Amino acid sequence: MSASPCSSACPVQTVVDLIQGKWTPQILRALLPGMCRFTCLRRQLPGISAKVLSQRLRELEAQGLLLRTVLPCVPPAVEYRLSASGAELANLLGSLYHFGVRHLNQHTRYAA
């Protein structure tokens, strides 16, 4: 019995794992225009707690999807921006968004 080509280290599953976090797509979208501070991100993401945002930002940084810059000021400030990989993934999410819109429009048309 041969193994499936995506049974181990599947590239598609890797991407799904990257974006499956509840706030990941929204964080990537919020950072697409450029650098943003923590408080700016919180304002753009109503409903996210500071703890969850902080956790997701650390995870996205560890995954190489965003870059964190600590600014030399008092009190300390931190800016976040997408890495090249993060920007590429955010653009792919835009394609998924457009697919979703088309799919929903077709699905609701057939359901009516």
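Arg56 counts as buried, at 10% relative accessibility. That value comes from a predicted model. Arg56 is a good place to start.

The residue lies in helix H4, which spans residues 50-62. Leaving aside residues up to four places away in sequence, Arg56 touches Leu18, Gly21, Trp23, Thr24 and Ile27. Leu18 belongs to this list of contacts, and helix H1 covers residues 11-19.

Arg56 also has a charged partner. Its side chain meets that of Glu59 in a salt bridge, at 1.8 Å from N to O. Arg56 and Glu59 are three residues apart in helix H4, so about one helical turn separates them. The two ends of this bridge fall into separate classes of accessibility. Glu59 counts as partly exposed because its relative accessibility is 29%, and buried would mean under 20%. Arg56, with a relative accessible area of 10%, is therefore buried.

How many salt bridges are there by this rule? The count comes to two. The other pair is Glu79 and Arg37, whose side chains meet at 3.8 Å, N to O. This pair links distant parts of the chain. Glu79 sits in strand E3, Arg37 sits in strand E1 (residues 36-37), and their positions lie 42 residues apart in sequence. Is Glu79 buried or exposed? Glu79 counts as buried, at 18% relative accessibility. Arg37 counts as partly exposed, at 40%.

Strand E3 leads on to its pairing. E3 covers residues 77-82 and runs antiparallel to strand E2, residues 66-71. Six bridges join the two strands. One of the bridge partners is easy to locate: Leu71 pairs with Ala77 in E3. Between E2 and E3 the chain makes a hairpin through five residues. Glu79, the buried end of the salt bridge to Arg37, is thus part of a strand that this hairpin connects to E2, because E3 is the run that holds Glu79.

Now return to helix H1, residues 11-19, which holds Asp17. Asp17 is partly exposed, with a relative accessible area of 37%. Its side chain joins that of Gln13 in a polar contact of 2.7 Å. Where does Asp17 stand relative to Tyr97? The two are 80 residues apart in sequence and 17 Å apart in space, C-alpha to C-alpha.

Conventions: Residues are numbered from 1 along each chain as its sequence is written. This is a predicted model: local features need pLDDT of at least 70, side-chain atom pairs count only at pLDDT 80 or more; totals for chains, interfaces and linings use all residues. Side-chain values use heavy atoms; hydrogens and water are left out. Two strands pair if DSSP finds at least two bridges between them. Helices (H or I, at least four residues) and strands (E, at least two) are DSSP runs, numbered from the N terminus. Buried means under 20% relative accessible area, exposed over 50%, partly exposed in between (1.4 Å probe, protein chains only). A polar contact is a pair of N or O atoms within 3.5 Å; within protein, one must be able to donate a hydrogen and the other to accept it, and residues adjacent in sequence count only if both atoms are side-chain atoms. Contact means heavy atoms within 4.5 Å. A salt bridge is a side-chain nitrogen of Lys or Arg within 4 Å of a carboxyl oxygen of Asp or Glu.
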